[in-house]
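Please look through the model shown below before reading on. The paragraphs after it move from single residues to helix packing and then to the second chain.

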Amino acid sequence: MSNFTALDWFWTGAFLLLMLGGAFFFYRLARRSESDFFLAGRGLPWWLPASSVFSTHTATDTPMWVTGVIYAHGLRGLWYTFFAAWTAVASFVSARIFRRSLAYTQAEWQVIRFDGLGAELLRGWMAGWQVFMNMFILGWVGMAMGKVGNLAFDWPIWVGLVIPTVLTAIYTMAAGYWGVVMGDFLQGIVAVFAIVLVSLVGVYAVGGPGELTGRLVEMGEAWRLDPLAFTGWLTGDFPVAWWLTMLVIAVVGGFGMGTSIDWYVEAQRIQSAKSVRDASYGLWAGGALTLVRNGFWAAGILGFFVMLPGLTSVGEYELGWFRIGFGLLPTGLVGVFFGAILAIHLSTISSHLNLGALYFTRDLFQRYLKPDADERTLVWVGRAATLVLLVGSFFYGLMMEEITQWLIFALWLMMAGIWLPNILQVVWWRFNAWGYLSAWMANLGVAWLVVWILPGFGVIPVLPDYVQFWVLMGLGALIFVPATLLMPAEGMDHLVKYYVMTRPLGWWGPVHREAERRGLVVRRAATPANESRRPLIRRSWTPEAAEEWTREDWIAIILSPLVFALVMVGVAKLVLGQWGGAWLTLLAVAGTLVIYWVIDPKLRAVSHEYEAKQAGYLDELEGNLQWED
Amino acid sequence: MDKGLVTLIGMSIAYLASLLGMGFAYWAWRRHHRRADRKEEAR
C-alpha cells in the first residue's frame, strides 16, 4: 500500500505486540487443567464472554460479507446480518439451559440430553463434524486475510493466510482459551474503534450525513435508506416472505441449540462464564454489540456506494470497507486500521483453533481413547490438536479455495434441514436421539435433491432461498418425525436427571410430573390464592419459584429481539443523521433497561441456587465421561 | 471446476469426518459394553 509509512508500521506492530503479549500473559493459568485450557476454569465475569462473543461474530470475512449485502441492498441488507439476533432469545433460553448442563461442547450435551447408543453416536457425529468445521472455517477466514494482504500490500495470498494464523496458533497453543478470551477482549476494543472510525470516514468522505442522503436521493437510490424497502410479498430480490423467513430463522432459532453456525463457538463462551446469569448477559451483550457494529458499518458502506455506485462485480464491491480504510485514512491511522484488521483476524483464528481442539480432545480423545487421561496429558493433546487444525486449515485455504466457497453455501442449506430438530431437542421431551440423527442423515439427500438434482433435470424450478429453507425443513420433518415416534422415548430416569439439572423450557410435562413424584422438584404451588397475590412483575424470588418459566422470562424473550432490531436500524440511521435513528436507539436503551429490571432478580436467584449444586454436577459429568454411568 | 462437483467433494469430506466420529463412537461403545458384560459374567 503506497501510503503505509513507518508510523503505520509502528502502530500495527504495537497492536500486535499488545494482543499477543496480553494473550501470552495467561500461559500459566492455561496449563493447569483441561477446564482452564478450554473454558478458562469456568470463572469468567459476563463482560469477558461478551467481548469474545462480539469478536467471534466479527470474522475476517465479515466486513466483506456485510459490505456485499449493504452495497447490493442498502439498509434493508441489515436484515441479512440480523441472523446474529439468535443471541437475543438464546440468552434467556438456550444459554441458560446449556450453562446448567455444564457440557464442554455441544457434542457432550447430546449424551446429557439423550441416552444410550443413539446419544453416543450423536456425540461422535457432532465431534467429527465440528473438528472438520473448525478446520474449514480456519481455511476460509485465512483466505479472506490473504485477499486483504493482497489488496493492501500486494502480498501473495499465502502470506496473509499463513503468517497471521501461525502467530495466533503460537499463543493459542500456549495459553489456550485463557489466551483466546483475553486476546478477544483487547482485540474487541481495537476492532470497535476501527469500525466506528472507518464508518464515519466513509460517511464524511462524501460530505457528511446530509450530503450522503441527498446524493442518494439525486441518484434515484433513496430506497437504499429504507430498511423495509420490500420488492413485493413474494417477488423481487427482497420480498416480505424472505424477510420474515430470516426473522424466524434468527429469533425462533434462539430457542434451540445449533440453529446458527455460531452457536458452537458461543457455547464455549456460555460455559466459560462463572454463573448462569453471567452466561446470559455475556451472550446478550456480545450479540447486541454485534448489531450496533452492523449499524455503523451500514452507514459507512452507503458512503462507499455514493463514491463508487457502478460496481457490479461482488469481488470488487465486497472489499469496500477495506478500500475506505486503506484509501482514505491519514498516515498513522492506516496502521491502526491494519492493526484492527489483524485483531479481527486473530480473534477468529484463535477461537476456532481452540474450539476444534476442544472437540478433538474432550469428545474424541478423552471419551473414546483415554478416558482416564490426566490433566497434563489433556492439555498437551489440546496443543497437538491445535497444531493439526492449523496445518489442515492451510490445506483448505490453499488447495481447496473453490470448494470452500461453494461449501459455505452448501453448509447453509444443511442448516435448513436440522434447524427445527435443533429446537425440538431443547423444547420437546419426546424428541429422541434417533430422530435427531435421522434429521442429520436425511438432510444430505434432501438438500441435494431440492437444490441441485431436481432443478438440474428440470423436475422443479430453481427455488428462491426462502422457499428452499421451508421445503428442506418440511421434507426433513417427514423423516425425523416418524423416526422419533417409531423409536421409544429416552429412558425416564435419564430424562428426569437432565430435567432437574437444566430445567428446560417447553413441552416437558410428563418428565416434570415424574420429577415431582420422585420429590426432585418442588410441586407447583399454583393455587388461585397464591396467584392472585402475585405482583405483575415479580422481583423477589425463592429458589424453587425461580426455577419455573414465568411471565418475566417471556417479557425478556419478546423484548430482546425487538431491542436488537431497534438498535441495529437506529444506529445506522443515527450515523446517517436521521433523527428517527435517535428515537429508535433511545427506545432500544429503554427496552434494555426494562429487560434488566424484569429479569435480573430472577437470574440472580437461579444462579445462586444452581451454583450451590454445581460441584456435585461436575463430579457426575467427569464420572460419565469415564463410562461410570 | 464444476459447481456441482466441488460441492459434492466438499460435502463428502464434511460427512466423512462426521461418519468417522460416529464410527469411533460406536467402536468405543461396543468396547465399553463388552468389558461391562465380561465383568458381569465373571461375577
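Which residues does A:T259 touch, not counting residues up to four places away in sequence? This is a predicted model, and in it A:T259 touches A:W86, A:G253, A:W419, A:N422 and A:I423 once those sequence neighbours are set aside. The residue itself is found in the loop of chain A between α12, which spans 240-251, and α13. Although A:T259 belongs to a loop, this residue is buried, because 26 other C-beta atoms lie within 10 Å and 20 or more are needed for that class. One of its contacts, A:N422, is 163 residues away in sequence, yet the C-alpha atoms of A:T259 and A:N422 are 5.9 Å apart in space.

The loop that holds A:T259 leads to α13 of chain A, and this helix, residues 263-272, packs with helix α14, residues 276-307 of the same chain. Two packed helices are described by the angle between their axes and the distance between the axes. For α13(A) and α14(A) the angle is about 140° and the axes are 8 Å apart, and the two helices are therefore oblique to each other, since a roughly antiparallel pair would need an angle over 145 degrees. Their crossing is right-handed. On the α13(A) side the residues that meet the partner are A:E266, A:R269 and A:I270, while α14(A) supplies A:A279, A:G282 and A:L283. By class, the residues of this contact divide into three nonpolar, one polar and two charged.

Helix α14(A) also packs with α16(A), and here the axes come within 9 Å and cross at roughly 80°. That value makes α14(A) roughly perpendicular to α16(A), because angles of 65 to 115 degrees fall in that class. The contact is made by A:W297, A:G300, A:I301 and A:F304 of α14(A), together with A:G320, A:W321 and A:I324 of α16(A). In this contact there are five nonpolar and two polar residues, and no charged ones.

What angle do the axes of α10(A) and α16(A) make where they cross? Helix α10, residues 157-204 of chain A, and helix α16, residues 320-328 of chain A, cross at roughly 85°, and their axes come within 9 Å. The two helices are therefore roughly perpendicular to each other. From α10(A) the contact takes A:V198, A:V201 and A:G202, and from α16(A) it takes A:W321, A:I324, A:G325 and A:L328. These residues divide into five nonpolar, two polar and no charged. A:W321 and A:I324 thus appear in the contact of α16(A) with α10(A), and A:W321 and A:I324 are also listed in the contact with α14(A).

From helix pairs the view can widen to the nonpolar core. The largest such core has 211 residues, of which A:A85, A:V567, A:M568 and A:A572 touch the most other members. Its largest share, 21 residues, comes from helix α9 of chain A, residues 116-153. Leaving out residues up to four places away in sequence, A:M568 touches A:L78, A:F82, A:L291, A:N294 and A:G295.

Two arginines in loops of chain A deserve a look for their backbone angles. Most residues other than glycine have a negative phi, and most peptide bonds are trans. A:R42, in the loop between α3 (34-39) and α4 (47-57), has a positive phi near 55°. For A:R503, in the loop between α22 (492-502) and α23 (509-517), phi is also positive, near 45°. Are these residues buried or partly exposed? A:R42 is partly exposed, because 19 other C-beta atoms lie within 10 Å, whereas A:R503 counts as buried, because it has 20 C-beta neighbours inside 10 Å.

Chain B remains to be described. It has one helix and zero strands, and of its 43 residues, 23% count as buried. One residue to follow is B:A14, which lies in helix α1 of chain B, residues 3-42. B:A14 is buried, because 20 other C-beta atoms lie within 10 Å. Apart from neighbours within four places in sequence, B:A14 is in contact with A:W129 and A:F132. Along chain B, B:A14 and B:R31 are 17 residues apart, and their C-alpha atoms are separated by 26 Å.

Note on methods: Residues numbered from 1 in each chain as written. Chains lettered and ligands numbered in written order. Predicted model: local features only at pLDDT ≥ 70, side-chain atom pairs only at ≥ 80, totals over all residues. Helix = DSSP H or I, 4+ residues; strand = E, 2+ residues; numbered from the N terminus. Buried ≥ 20, exposed ≤ 12 C-beta atoms within 10 Å, placed from the backbone. Contact = placed C-beta atoms within 7 Å. Axes fitted to C-alpha atoms, helices over the stretch in contact; angles between N-to-C directions. Parallel < 35°, antiparallel > 145°, perpendicular 65-115°, else oblique. Nonpolar A, V, L, I, M, F, W, Y, C, P; charged D, E, K, R; others polar. Left-handed = near helix turned anticlockwise from the far one by under 90°. Core = buried A, V, L, I, M, F, W, Y, C linked by C-beta atoms within 7 Å.
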